[in-house]
Amino acid sequence: MQVQINSDRNIQADERLAEFVRDTLNHKLQRFADHLTRIEVHLSDENGKTKQDGHDKRCLLEARPQGLEPVAVTELAPTVGQAISGAADKLQRKLGTVIGKLRDKQHHGQRPDFVTEEDDVN
């Protein structure tokens, strides 16, 4: 799973932040790793340098599951770390739903083990 990090000019995207992002995503999304080709991370400060308080740090996560449309979530929080963690939690839940539905669809499309070809013909 490839992680691509983008930030605006108000967020300093250094190696420490990149490591935090990768560790958080790997921890939260490990069970989906086989289904994901890439995750794009977009970090921004909605108010820039003008306002110091409020939920103005934004993290947009866009996951690219194999064979499916991209899945995106957004989280606003007081700090970049909280925005990343909150967005990772949201993405975990959303991927659980999307990939769970895909598994159910694949599972229901198969014949049960106890059905034989003779049963299908009759």
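## A starting point: Asn26

Asn26 is partly exposed, with a relative accessible area of 34%. That value falls between the two cut-offs, since buried means under 20% and exposed means over 50%. Asn26 is part of helix α1. Its C-alpha atom is separated by 9.6 Å from that of Val3, although the two residues are 23 residues apart along the chain. Keep in mind as you look around that this is a predicted model.

## The whole chain

Let's step back for a moment. The chain contains three helices and four strands. If you read along the sequence, they come in the pattern β-α-β-β-β-α-α. The chain has 122 residues, and buried residues make up 30% of them.

## Helix α1 and its two faces

Helix α1 covers residues 15-29, which is 15 residues. What span should those residues have at 1.5 Å a residue? The expected value is 21 Å, and the end C-alpha atoms of α1 are 21 Å apart, so the model agrees with the expectation.

Now look at which residues of α1 are hidden. The buried ones are Leu17, Ala18, Val21, Thr24, Leu25 and Leu29. Seen down the helix axis, these buried residues fall within an arc of 135°, so they line one face of α1. A general rule helps here: an α-helix has 3.6 residues a turn, so residues three or four places apart point the same way. On the face of α1 turned away from the buried side, you will find the exposed residues Glu15, Arg16 and His27.

## Ala13 and Leu43

Ala13 sits in the loop between β1 (2-7) and α1. With a relative accessibility of 46%, Ala13 counts as partly exposed. Leu43, in contrast, belongs to strand β2. Is Leu43 buried or exposed? At 4% relative accessibility, Leu43 counts as buried.

These two residues are 30 residues apart along the chain, and their C-alpha atoms are separated by 8.7 Å. You can try finding both in the structure, with Ala13 in its loop and Leu43 in its strand.

## Two polar contacts

Asp56 lies in the loop between β2 (36-45) and β3 (57-65). Its relative accessibility is 1%, so Asp56 counts as buried. Which side chain does the side chain of Asp56 make a polar contact with? The partner is Lys57, at 3.2 Å.

Glu75 gives us another example. This residue is found in strand β4, which runs over residues 71-77. Glu75 has a relative accessible area of 18%, and because buried means under 20%, Glu75 is buried. The side chain of Glu75 is joined to the side chain of Lys90 by a polar contact of 2.9 Å.

## The largest pocket

How can we look for empty space in a structure? Rolling a probe the size of a water molecule over the atoms shows where empty space is left. In this model, the largest pocket holds about 180 Å³ of space.

Which residues line the largest pocket? They are Asn10, Ile11, Gln12, Asp14, Arg16, Leu17, Asp45, Lys57 and Val80. By type, the lining divides into three nonpolar, two polar and four charged residues. Some of these names may look familiar. Lys57, which lines the pocket, is the contact partner of Asp56. Arg16 and Leu17 are also in the lining; Arg16 is among the exposed residues of α1, whereas Leu17 is one of its buried residues.

Terms used
Residues numbered from 1 in each chain as written. Predicted model: local features only at pLDDT ≥ 70, side-chain atom pairs only at ≥ 80, totals over all residues. Heavy atoms only, no water. Expected span 1.5 Å × (residues − 1). Buried < 20%, exposed > 50% of the residue type's maximum accessible area, 1.4 Å probe, protein only. Arc of directions from axis to C-beta. Polar contact = N/O pair within 3.5 Å; in protein donor to acceptor, adjacent residues only side chain to side chain. 1 Å grid on protein atoms, 1.4 Å probe; cavity = no way out; pocket = protein on both sides within 12 Å on 5 of 7 lines; lining within 4 Å. Points joined across faces, edges and corners; volume = space filled by probe spheres on them. Nonpolar A, V, L, I, M, F, W, Y, C, P; charged D, E, K, R; others polar.
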